[in-house]
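Ready for a few hands-on exercises? Open the viewer, keep the sequence beside it, and try each task before you read its solution.

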Amino acid sequence: MPNYLRIFLFYSLIVGSGFSQETVKSDTVIFPRMIFIERGDSSYYMDKYEVTNGEYAQFLNDLGNQEEEGAPWIELRSRFALIEESESGKFVAIDSFDTHPAVEISWHGAKAYCEWAGKRLPTQSEWRFGCQGRDSRKYPWGKKFIEGYANIYGHKHDGYVRTAPVGTYPLGASPFGLLDMSGNVWEWTYSEGDLQFLRGGSWVNGATLGQCDKRSNTKDAHSYIKGNTLGFRCAR
Ligand SMILES: [Ca+2]
């Protein structure tokens with residue numbers, strides 16, 4: 001059956017079965033765990049969650065841990081890496097970190113995963129819009145930082161020493177329902193040119209860097225960015 005016919009039948013099935021248009025467009029229906037973000041001609045989908053160690057291990061088991069521009073996709077020599085390679089060469093998430101965000105990920109490692117998954121890295125503009133919504137809010141949830149809404153350094157109420165399982169803070173959702181846009185791990189984005197930026201801050205950084213319009217990169221001496229805070233999510 002041609003693809004366009006499949007898609008038509010798929011939509012017919014959904015519309016006919018009484019799902020609302022919102023259900024069709026968001027979350028798990030068309031692209032699992034992605035959210036549709038309406039922005040006219042430049043609408044897009046974005047992962048609801050940061051990519052987890054469990055998901056990244058699957059990718060490594062398929063393609064191995066490659067190196068690009070002198071850096072491995074994931075730095076497994078770091079004591080903070082939450083994925084390990086067994087003697088048989090199988091990659092697995094360490095202990096109970098399966099649902100925590102992947103860390104120690106290089107920009108190429110993030111880009112390669114998204115392409116493997118049939119997706120791509122979000123642009124900075126897509127990331128920011130997904131975080132702040134149509135009313136240009138400072139944090140995903142509003143104007144001021146609120147304890148317990150994100151995994152940010154210095155806030156004991158987040159409940160975790162380092163990363164937290166993705167989606168731990170539902171009250172910190174962006175207007176579109178994206179979780180952990182502020183904090184937990186920094187997220188790689190795509191730009192034309194040599195310098196690639198990270199957004200959203202992390203468990204190592206204070207609340208200011210967790211604001212939607214802030215960005216940083218690994219060359220920024222003031223950002224305290226280390227490999228154990230570097231993760232990502234994908235768009236398409
Ligand atoms: Ca994040």
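The exercises below go from the whole chain to single residues, in a model that is predicted.

**Exercise 1. Get an overview of the chain: find its secondary structure, its share of buried residues and its confidence.**

Solution. Start with the elements: the chain has five helices and 10 strands. Next comes burial, and 41% of the 236 residues count as buried. Then look at the contacts with a separation of 6 or more: 61% of them join residues 24 or more positions apart. Finally, check the confidence. The mean pLDDT is 87, and 85% of the residues reach 70 or more. Take care with residues 4-24, where the pLDDT is below 50. Beyond near neighbours in sequence, that stretch has seven contacts in the model.

**Exercise 2. Work out the strand order of the open sheet that contains β7, and say which strands stand at its edges.**

Solution. Four strands take part, in the order β9-β8-β7-β10, and their pairing is mixed. Now read off the ends: β9 (215-216) and β10 (230-231) each have a single partner strand, so one side of each is left without a neighbour in the sheet. For a closer look at one pair, take β8 (residues 198-199), which runs antiparallel to β9 over two bridges. Within that pair, R199 stands opposite R215 of β9.

**Exercise 3. Describe how β1 and β2 are joined and paired.**

Solution. The two strands make a hairpin, with six residues between them. In the turn you will find G40, whose phi is positive at about 55°. The pairing of β1 and β2 is antiparallel and spans four bridges. To get the register, place I35 opposite M46 in β2.

**Exercise 4. Find the residues that touch the most other members of the largest nonpolar core, then follow one of them into α4.**

Solution. A general point helps first: in soluble globular proteins, nonpolar side chains tend to be buried together. Here the largest nonpolar core holds 54 residues, and Y56, I83, I105 and A110 touch the most other members. Elements giving two or more residues to this core include β1 (34-37), β2 (44-47), α5 (124-132) and α4.

Now pick A110, one of the buried residues of α4. The others buried in this helix are W107, G109, K111, Y113 and C114. Among the elements covering the buried residues of α4 are α3 (53-63) and β7 (186-188). For A110 itself, set aside the neighbours within four places in sequence; its contacts are then I105, L121, W188 and F232. Just after the helix, G118 has a positive phi of about 80°.

**Exercise 5. E69 and E104 have positive phi values. Decide for each whether it is buried or exposed.**

Solution. Begin with the backbone. Phi is near 45° for E69, which is not a glycine, and about 65° for E104, also not a glycine. Then locate both residues: E69 belongs to the loop between β3 (67-68) and β4 (71-72), whereas E104 lies in the loop between β6 (91-93) and α4 (107-116).

Last, count C-beta neighbours. The cut-offs are 20 or more within 10 Å for buried and 12 or fewer for exposed. E69 has 7 other C-beta atoms within 10 Å, so E69 is exposed. E104 has 25 inside 10 Å, so E104 counts as buried.

Methods:
Residues numbered from 1 in each chain as written. Pairing = 2+ DSSP bridges. pLDDT = per-residue confidence, 0-100. Contact = placed C-beta atoms within 7 Å. Core = buried A, V, L, I, M, F, W, Y, C linked by C-beta atoms within 7 Å.
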